[in-house]
Amino acid sequence: MRNIGVLFDLDGVLIDSERLYSEFYDNIAELYDIKEEKFSLAIKGTTIEQILSRYFPEPEASADVLRRINEFEANMRYPICDGVIGFLEALRAAGIPCAVVTSSSDNKMQRLYAQLPHFADYFDAIITGADVTRSKPDPQGYMLAAERIGRRPADCYVFEDSLSGIEAGVASGAVVIGLTTTLPEERLKGKAHKLIDGFAGFGIDDMLSVTRD
């Protein structure tokens with residue numbers, strides 16, 4: 001297998017959680033009368049700290065929203081998307097290193113590991129919001145992940161489901177495969193190098209057939 005690596009976003013790509021997050025954040029936006037259109041999509045790919053500082057700068061509001069986020073994440077489930085484990089096992093069998101690149105907090109990741117104790121074993125690196133200073137669409141997270149797994153970004157494949165994440169992957173120089181799990185196909189068309197509807201029935205040869213052309 002050639003010298004490649006694979007980099008994954010988390011929510012909506014590996015974990016089937018985007019619908020729950022969208023409902024939660026849209027409810028928050030309604031509660032605080034946030035005027036941002038489609039708030040849950042506008043904040044996708046940004047860290048909790050950035051969300052609080054931009055939309056809830058007042059200390060009382062920031063503390064309340066953070067409390068709500070922590071309660072929500074403490075009680076939510078983290079189901080793995082269909083086909084993900086089979087694809088990860090195929091990558092591991094082929095000796096292809098891979099990493100997760102997420103804006104999620106370390107607290108959330110610890111809860112995820114508690115529910116899915118073997119999840120982290122599939123990855124050679126996991127980049128969280130605490131590891132970067134610039135969130136997606138900046139490519140910093142993907143550049144760092146490629147470095148951590150010993151690959152050039154140009155030799156990596158990125159799997160993303162959001163516009164900001166796809167933009168970050170493309171900016172890093174990677175081949176980007178978009179998943180239509182969160183946004184409809186028409187919103188992502190022309191943004192990624194290929195679109196798929198999930199990992200069920202998707203294999204390494206399918207990935208390798210995707211090019212930048």
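**Close-up views of spaces and rings**

In this predicted model, the structure holds 2 cavities of 30 Å³ or more. The legends below take you through these spaces and then on to some aromatic rings.

**View 1. The largest cavity encloses about 350 Å³ of space.** Its lining is made up of 26 residues, and D11, Y21, G45, T46 and S103 are the closest to the cavity centre. Four helices, α1 (18-31), α2 (39-42), α3 (48-55) and α4 (59-75), are the elements that give two or more residues to this lining. The largest share comes from α1, with 4 residues. Sorted by class, the lining has 10 polar, 9 charged and 7 nonpolar residues.

**View 2. The second largest cavity has a volume of about 100 Å³.** Look for V101, V132, S135, K136 and G141, which lie nearest the centre of this cavity among its 15 lining residues. The lining here divides into 8 polar, 4 nonpolar and 3 charged residues.

**View 3. The largest pocket has a volume of about 180 Å³.** Around this pocket you will find G12, I15, D16, E18, R19, S22, D26, S40, L41, C81, T181 and T182. Both α1 and α2 supply at least two residues each to the pocket lining, and α1 gives the most, with 4 residues. By class, 5 of the lining residues are polar, 4 are charged and 3 are nonpolar.

**View 4. F8 and F159 form one of the 19 aromatic pairs in the structure.** A pair of aromatic rings is described by the distance of the centres and the angle of the planes. For F8 and F159, the ring centres are 5.3 Å apart and the planes meet at 15°, so this pair counts as stacked. F8 belongs to strand β1 (residues 5-8) and F159 to strand β4 (residues 156-160), so the pair links distant parts of the chain, 151 residues apart. F8 and F159 are both buried.

**View 5. F87 and F199 make a stacked aromatic pair.** Here the distance is 5.2 Å centre to centre, with 25° between the planes. Because F87 sits in helix α5 (residues 84-93) and F199 in the loop between β6 (194-196) and α10 (204-208), the pair ties together parts that are 112 residues apart in sequence. Like the rings of the previous view, which are buried, F87 and F199 are buried.

**View 6. Ring pairs join several aromatic residues into a cluster.** The members to look for are Y21, F24, Y25, Y32, F39, Y55, F56 and F72. Y21 also appeared in View 1, as one of the residues closest to the centre of the largest cavity.

Definitions and conventions
Residues are numbered from 1 along each chain as its sequence is written. This is a predicted model: local features need pLDDT of at least 70, side-chain atom pairs count only at pLDDT 80 or more; totals for chains, interfaces and linings use all residues. Side-chain values use heavy atoms; hydrogens and water are left out. On a 1 Å grid over the protein atoms alone, a cavity is a set of points where a 1.4 Å probe fits but cannot get out, and a pocket is an open set with protein on both sides within 12 Å along at least five of seven lines; lining residues have an atom within 4 Å of a point. Grid points are joined across faces, edges and corners, and a volume is the space filled by probe spheres set on the points. Ala, Val, Leu, Ile, Met, Phe, Trp, Tyr, Cys and Pro count as nonpolar, Asp, Glu, Lys and Arg as charged, and the others, Gly among them, as polar. Rings of Phe, Tyr and Trp (its six-membered ring) pair if their centres lie within 6.5 Å; planes under 30 degrees apart count as stacked, over 60 as edge-to-face and the rest as tilted. Buried means under 20% relative accessible area, exposed over 50%, partly exposed in between (1.4 Å probe, protein chains only).
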